[in-house]
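Here is a short tour of a two-chain model, written to be read with the coordinates open beside you. Shall we see what the side chains are doing?

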Amino acid sequence: MEAVQVRDVFKFYKKHADSHKFLTIKSALVNKTLFGDLEAGERFEALRGVTFDLEAGKTLGIIGENGSGKSTMLKILAGISRPTAGEVVTQGRISALIELGAGFHPEISGRENIFINGVILGLTRKQILEKYEEIVRFAELEEFIDNPVKSYSSGMFMRLGFSIAINVNPDILLIDEVLAVGDASFVPKCLDKINEFRRHGKTIIFVSHDLATVERICDDVIWIRKGKIEMRGYPKRVTDAYLEYVGKKDEKKSLAQHGEEEQEAVREREKRWGSREVEIANVRMFDAANREKYIYQADEPLAIEFDVAAAVEQDDFVFGIGVFNSEGIQVYGSNTLLENLVSRSLAGSGKVRLEIPALGLVNGTYFLDIAAHKRDGYPFDYHHFQYTFRVTSSHRDVGIARIPHRWQFSGGIGFKKDENP
Amino acid sequence: MIEKLKEIIRHRELIYTLVSRELKARYRGTVLGFFWSLINPLLLMAVYTVVFGFIIGGARAPGFEGNKWMYALFLFNGILPWTWFSSSLLESANVLTVQGALIKKIKFPVEVLPIMVVTTNMVHFILGLPVLVAFFLIFGKPLTAWVLFLPVSLLAQYIFTMGLCFLVSALTVHFKDIKDILANLITLWFFATPIIYPYDSVPRALQVVLNFNPMTHIIESYHYSFFMGSLPHYKRFLVTILVGLVFFYLGYLLFDRLRDTYVEEV
């Protein structure tokens, strides 16, 4: 059975032009839609003839660049906006995780907001009451539930919103990039929940930039480019083709973005702690040619470098790093103490450089922890999930790490190389 | 239309929840809390009592026998329901924009928003009624059984206000200047309604003009049932209810017709 059928869907938006000023009430009434006869030049074509089906119980990923039409497609599926032309047929109850915590009022307690948001999402008060405990527990907000929402951190806000939305118990779940804003420790929990939905045979449409997660949880992936389906198929195939396309463009952008991201991270206090007697700053990554870079091949050499400064001389200190994948799993962690380096003195400032001859990771987005602390764990400066880098390569292997390996065959086994993988 | 009304009734829990959210949010964190919703009509009453009761001499109009306190009571009697009407109109001009996230980010029955505005303001009005009754007791003016006419007045005002608010909230999305026009229009409308002067003190020729204003009969119905203690002019009132229903129908029709445009325009 098809849970979702999309037929030749077009969506045009009006470009914001001055023509609007001359619109009269009368013409608005006559034309009904107000955009009845837009000239080609006046409109922005967000979707240009999208057609696809999705079988019930399957998980579909939608990828594409910003502005490609992914989110517009999702909004149409959710029934928020209507297509300019074409048809969408869906079977069953839909819940869209596009905006978490819609209708939350900052002055009101979390408890009351659960009811407000739940009713807005289409639950009755009775249904919410039944799921109330579950919602609070999943959001990990037992202690704070009676505080006004304005006192919540962005992570808490997002957790509560997500927790309510998934408890709507839909047949079709639409997810738009909402996981990107969550605190990193909550994301794995969300993914678990999504996996649980899959096991229960729910239909899921997942829009994301996190290709690693898309590959992991989707049965099928659509790549939308400029309002049209560019490609549909097996996740790895589509994401690889997509990566190839954006690769070059991304490289340039990424360098520029790194500076901004770092500033933003500093603002977010909960991700950084410690006494700051030793301070870490300026964390950068370099490739073999010593160029600053944040996108790497699977086995590329790289170096992580950061500045440290101590206001008062220290003799007890440890530097450490941790690498986490997008699901929050620690891929690797080590520090100077574990590698039997005994600290002697740190005075003024210095530079720490960690060289990695071959990365050995699979494709995906990774987070870095960088820390300076005492031998007993007393933190000087702990940067948690503050830095990201990405591994993109043509390798299609999966897992947590890329173990060095080679295939060998003997006897009557024969292979030939696939020229067109 | 009947189908659409049923649809609205199905959303009653949502309306109830949103109205109580508005009320709670308004009273939370303020020391005077609920008192704030009374301050506006009380201030208006004070200003008009001073200006028209003491300075210009509105209290000399028939029915007050020069008694300035009776005049103040009469004023409050009309200003209280008027505040419900005018706040609803002004807020509905903003409501779709202010609550834009609900329209843009989730599937949401938009008509609930103007309904929320009118209903919330009605609750404020109802909460003000005990104060009105208290004033009657303090000033020693007896209330009669005609006070029980109140629900009918309430219903008539609700229907008419709702119709206008559908109209206003739908149109302001597309024509932002309506907001500015509206504020002036409401001031004008206030003076074109017998609130600071009694209907009977108006020359007959002007009464004909006043009769075309539905708010005249709605406010008059409050004057009759509270201040004068008699049955409102039921023929005029019935016509007003019919006019209110026409406004409601037209307002909703337009609101429904422009429904798809809100997502993109707010």
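## A helical turn in chain B

B:Arg10 is exposed, with 58% relative accessible area. This is a predicted model, and B:Arg10 is a handy place to enter it, since its side chain takes part in a salt bridge with B:Glu7 whose closest N and O atoms are 3.0 Å apart. B:Glu7 is partly exposed, at 33% relative accessible area.

Why are these two separated by about one helical turn? B:Glu7 and B:Arg10 both sit in helix 1 of chain B and are three residues apart, so about one turn lies between them.

## Bridges between distant parts of a chain

Helix 1 of chain B also holds B:Lys4, whose side chain forms a salt bridge with that of B:Asp256 at 2.6 Å, N to O. This pair links distant parts of the chain: B:Lys4 is in helix 1 (residues 2–10), B:Asp256 is in helix 11 (residues 234–257), and 252 residues separate them. How exposed are the two partners? B:Lys4 counts as partly exposed at 33% relative accessibility, whereas B:Asp256 is buried at 19%. The value for B:Asp256 falls under the 20% limit, so the residue counts as buried.

Chain A has a pair of this kind as well, with A:Glu107 and A:Lys150 meeting in a salt bridge at 3.2 Å, N to O. Here the partners are 43 residues apart and both lie in loops: A:Glu107 between strand 5 (94–97) and helix 3, A:Lys150 between helix 4 (125–139) and helix 5 (154–166). A:Glu107 is partly exposed at 27% relative accessibility, while A:Lys150 is exposed at 51%. The cut-off for exposed is over 50%, so A:Lys150 falls in that class.

## Salt bridges across the model

Side chains of opposite charge can pair when their charged atoms come close. How many salt bridges does a search of the whole structure find? The search returns 33 over all chains.

Some of them share partners. In chain A, such shared bridges join A:Arg284, A:Glu305, A:Asp307, A:Lys351, A:Arg353 and A:Glu355 into one network.

## Where the chains meet

The size of an interface is often given as the accessible area lost when the parts come together. For chain A and chain B, that buried area is about 2900 Å², with 64% of it on carbon and sulfur atoms. In terms of residues, 35 from chain A are in contact with 29 from chain B.

Which polar features cross this interface? The rule finds two salt bridges between the chains, one of them between B:Asp260 and A:Arg82 at 3.4 Å, N to O. There are also five residue pairs in polar contact, with both partners at pLDDT 80 or more. On the chain A side, strand 1 (2–14), helix 1 (25–31), helix 2 (70–78) and helix 3 (110–120) each supply at least two of the residues that touch chain B. Helix 3 gives the most, with five residues. Sorted by type, the residues on this side of chain A divide into 16 nonpolar, 10 polar and nine charged.

## Chain B as a whole

Which secondary structure elements make up chain B? There are 12 helices and zero strands, so to say α-α-α-α-α-α-α-α-α-α-α-α when read along the sequence.

Chain B has 266 residues, of which 56% count as buried. Among its contacts with a separation of 6 or more, 77% are between residues 24 or more positions apart. The chain exposes about 12100 Å², and carbon and sulfur atoms supply 70% of that area.

## Two backbone angles to look at

Back in chain A, two residues that are not glycine have a positive phi. A:Asp8 has a phi near 50° and is found in strand 1, an element that also supplies residues to the side touching chain B. At 45% relative accessibility, A:Asp8 counts as partly exposed.

A:Lys226 has a positive phi of about 50°. This residue lies in the loop between strand 8 (220–225) and strand 9 (228–233) of chain A, and A:Lys226 is exposed, with a relative accessible area of 54%.

Conventions. Residues numbered from 1 in each chain as written. Chains lettered and ligands numbered in written order. Heavy atoms only, no water. Contact = heavy atoms within 4.5 Å. Buried area = accessible area lost by both parts, 1.4 Å probe. Salt bridge = Lys/Arg side-chain N within 4 Å of Asp/Glu carboxyl O. Polar contact = N/O pair within 3.5 Å; in protein donor to acceptor, adjacent residues only side chain to side chain. Helix = DSSP H or I, 4+ residues; strand = E, 2+ residues; numbered from the N terminus. Nonpolar A, V, L, I, M, F, W, Y, C, P; charged D, E, K, R; others polar. Buried < 20%, exposed > 50% of the residue type's maximum accessible area, 1.4 Å probe, protein only. Areas by Shrake-Rupley, 256 points an atom, 1.4 Å probe, with all protein chains shown as cover.
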